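Thanks for coming. I will put one structure up and walk through a few local features, then the overall numbers.

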Amino acid sequence: MKRARILSALLAALLLMGSCGLAQTALALSAPTASSRPSSVSYQAEVTASILNIRKGAGTGYGVVGTLRRGDTCTVVEERRDSRGITWGYLGDGRGWVCLRYCSKLSGGESGAVSYAVEVTAASLNIRRSADKSAAITGWLAKGDRVTIVAERKDSRGVTWGKLKSGAGWISLDYCRRTDGSTDSAVVNYAVTVTASSLNIRQSASRSAAIAGTLSKGDRVTIVAEQTDTRGVTWGKLKSGAGWVSLAYCEKSGGSGEGGDSGAVNYVVRVTASSLNIRKSASRTAAITGSLSKGDAVTIVAEQKDSHGANWGKLKSGAGWISLAYCEKTESGGTFASYTVTITAGSLNIRRSASHTAAITGWASRGEKVTIVAEQTDSRGVTWGKLKSGAGWINLNYTKKS
């Protein structure tokens, strides 16, 4: 009996030791992994993953405190290897650590840190998420805008791209000229409501700059930069990239963002659908006022989301609204120079698209004057003109310029 009690006690002790070992193992697995001693560095890196987590410590066991996106650049000031041999980098802004497997070091001649100002020379220049013409568009700059470049990179075609100091993305430096010093405007972010009956949007912060569009009384837009002209007037740059407005004719609204109101813009899109309806308002249930064909290029002067979350664009011609889901923005360049023609035929068919086989939507009579806002050549070499009214297309062989 005594021997049996001894054996039973020994067995209980062994079981207790085993359970403690398992608990310690589980605790070790749940805690962040141990890291090697950090090493001090200083360089810029570009994120290559679509989304990259910023963590509290150098390991996947630490909590996420933020994120970076593909094309974002950051400064790494410290490196550390975790227990699996993966190298992590500590961000210079102090936000935390990122896994350097998903970053590309910016150094050498291909890309690197710089600091200089450029002025946009194109009518409109896309800002892209990374240094590639196929990268997602994150915004636009207008002719005359001045921005600071903080990094450069050449793409596979040999084109040099510049990283914006604002962090908005990259621009092709082929459409810019270098200026002396940094001339960025003061960065802000707030909403204003237009108080004037009509307010011009200008390409730069000056009343003598070219008009890029207009806003109406009650329009609510977001201002992302401020600049004071030589007369002491303060101008605000629109978040949409359409241009600048005089803040003397605006009042600050609460918060930021355009909200449900339509935001003023000014850019060109090309239709990708075989046929795209123009509607009276920004809704798929609104009345159809005309149509566009694949390849048509038109200018958008306002944007609005419908109740389904779909983006609509208002045509500069005034014909109506189109769904932007069936369009693509052009890289750069201005709008089509509209002109007036006089009908020379006794009666000229207006067709739904630029083709003699397209459905007839109306007629124009001899001597009637109409405005052409787009041109397209069909497979037979005939040039067609798009009517400003949105009614359709006419054969320009039966017209003469007024």
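R178 sits in strand β14. Keep in mind that this is a predicted model. Is R178 buried or exposed? R178 is exposed, because its relative accessible area is 58% and the cut-off for exposed is over 50%. Leaving out residues up to four places away in sequence, R178 touches Y116, A117 and V118. There is also a C-alpha separation to quote: R178 and V147 are 31 residues apart along the chain, and their C-alpha atoms are separated by 9.9 Å.

Staying in that strand, take R177. The side chains of R177 and E119 meet in a salt bridge, at 3.0 Å from N to O. This pair links distant parts of the chain: R177 belongs to strand β14, residues 176-179, and E119 to strand β8, residues 111-120, with the two positions 58 residues apart in numbering. On accessibility, R177 is partly exposed at 43%, while E119 counts as buried at 16%.

How many salt bridges does a search of the whole structure find? The search finds 3. As a general remark, side chains of opposite charge can pair when their charged atoms come close.

Another one of them is E46 with R153, where the closest N and O atoms are 2.7 Å apart. This pair also links distant parts of the chain, with E46 in strand β1, residues 39-47, and R153 in strand β11, residues 146-154, 107 residues apart. Both ends fall under the 20% cut-off for buried. E46 is buried because its relative accessible area is 4%, and R153 counts as buried because its value is 17%.

Then there is D82 with R84, a salt bridge at 3.8 Å, N to O. Here the two ends fall into opposite classes. D82 counts as buried at 5% relative accessibility, whereas R84 is exposed at 52%.

Next, the aromatic rings. The structure holds 1 aromatic pair. Which residues form this pair? They are Y90 and W97, and the pair is tilted, with 5.2 Å centre to centre and 55° between the planes. The angle is not under 30 degrees and not over 60, so the pair goes into the tilted class. W97 is buried, with a relative accessible area of 6%, and Y90 counts as partly exposed at 26%.

There is also a charge over a ring. K401 lies over the face of Y339, at 4.3 Å from the ring centre.

Now to strand pairing, and to strand β33, residues 383-387. This strand is mostly covered, as 4 of its 5 residues are buried. What does β33 pair with? Strand β32, residues 369-377, pairs with β33 in the antiparallel sense over 5 bridges. Within that pairing, T377 has T383 in β33 as its bridge partner. Strand β34, residues 393-395, also pairs with β33 in the antiparallel sense, over 3 bridges. There, the bridge partner of K386 is W393 in β34. β33 and β34 form a hairpin with 5 residues between them. In the turn, G390 has a positive phi of about 85°. For anyone looking at side chains along such elements, in a regular strand the side chains alternate between the two faces of the sheet.

One more single residue. S246 is placed in strand β20, residues 244-246. Is S246 buried or exposed? S246 is buried, because its relative accessible area is 7%, which is under the 20% cut-off. Not counting residues up to four places away in sequence, S246 touches L199, V233, T234 and W235.

To finish, the totals. The protein has 1 helix and 35 strands. Of its 402 residues, 43% are buried. Taking contacts between residues at least 6 apart in sequence, 57% join residues at least 24 apart. The exposed area is about 21100 Å², and carbon and sulfur atoms supply 49% of that.

That is the set. To go back to where we started, R178 is exposed and touches residues including Y116, and R177 in the same strand, β14, reaches E119 through a salt bridge. I will take questions now.

How values were computed. Residues are numbered from 1 along each chain as its sequence is written. This is a predicted model: local features need pLDDT of at least 70, side-chain atom pairs count only at pLDDT 80 or more; totals for chains, interfaces and linings use all residues. Side-chain values use heavy atoms; hydrogens and water are left out. A salt bridge is a side-chain nitrogen of Lys or Arg within 4 Å of a carboxyl oxygen of Asp or Glu. Buried means under 20% relative accessible area, exposed over 50%, partly exposed in between (1.4 Å probe, protein chains only). Contact means heavy atoms within 4.5 Å. Accessible areas come from the Shrake-Rupley method with a 1.4 Å probe; for residues, only the protein chains shown count as cover. Two strands pair if DSSP finds at least two bridges between them. Rings of Phe, Tyr and Trp (its six-membered ring) pair if their centres lie within 6.5 Å; planes under 30 degrees apart count as stacked, over 60 as edge-to-face and the rest as tilted. A charge sits over a ring if NZ of Lys or CZ of Arg is within 6 Å of the ring centre and within 35 degrees of the ring normal.
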